[in-house]
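Work through the exercises below with the sequence and the model in view. Each task is followed by its solution.

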Amino acid sequence: MVVEVPYCGVCTLPVEYCEFGPSPPKCKQWCVDNVPKDKWPKEYASEGDVEKKLEGLSVGGSSSSSSSSSAADEPVKMLPGGKIKKKEVANVTICTTSRNKRKFVTTVAGLEKFGIKLADAAKLFGKRFACGASVVKNPQDKEEIDIQGDVADDLLDYIVEKYGEQVPEDSIQIIEDKKKKK
């Protein structure tokens, strides 16, 4: 017995696999226009019933309705292949690490997410704390500011003072990563 398998003209996959292809809405429209109704995938034939069933469902308990609504309000970005990428939450991270016994480096990451030019901010930090400050790339290829010295607490106050309208104070985190003594 020979089975005829209709292939999609958009994604070139069998029609029952179009939902996993790069553009399911275009595939659905092509399928509705070009494939006989008895060969349609199940999800195309009874889509209205599925939507009605899904309306009453929720994730988690009934008490977490505010968390599910905030998750739905987050902006998303479509990537090639139909994948969805959620937008990262903007945070400024101030990290202090020990270089030698009494030498420290303070690293500031995340200022660029608030529209602040890192080179200008590094110059201001260097003048304010009378130390060296430069823009460097971290291992993840993201730019951050390195400041010579342990200035994390003063830096928090200075960022709020200088960039208070752009950077809210509750979005700044301080992490102290001091190496253990031998």
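**Exercise 1.** State the order of the elements along the chain.

Solution. Reading from the N terminus, the order is α-α-α-α-β-β-β-β-α-β-β-α-β. The chain holds six helices and seven strands. Helices (H or I, at least four residues) and strands (E, at least two) are DSSP runs, numbered from the N terminus. The model is predicted: local features need pLDDT of at least 70, side-chain atom pairs count only at pLDDT 80 or more, and totals for chains, interfaces and linings use all residues. Residues are numbered from 1 along each chain as its sequence is written, and side-chain values use heavy atoms, with hydrogens and water left out.

**Exercise 2.** What share of the residues of the chain counts as buried?

Solution. Buried means under 20% relative accessible area, exposed over 50%, and partly exposed in between (1.4 Å probe, protein chains only). By this rule, 25% of the 182 residues are buried.

**Exercise 3.** Locate Thr12 and describe its phi and its exposure.

Solution. Start with position: Thr12 sits in the segment before helix 1 (24–34). Next, its phi is positive, about 60 degrees, although Thr12 is not a glycine. Last, Thr12 has 58% relative accessibility, so it counts as exposed.

**Exercise 4.** Do the same for Asp141.

Solution. Asp141 belongs to the loop between strand 5 (133–137) and strand 6 (143–148). Its phi is positive, near 65 degrees, in a residue other than glycine. The relative accessible area of Asp141 is 60%, so Asp141 is exposed.
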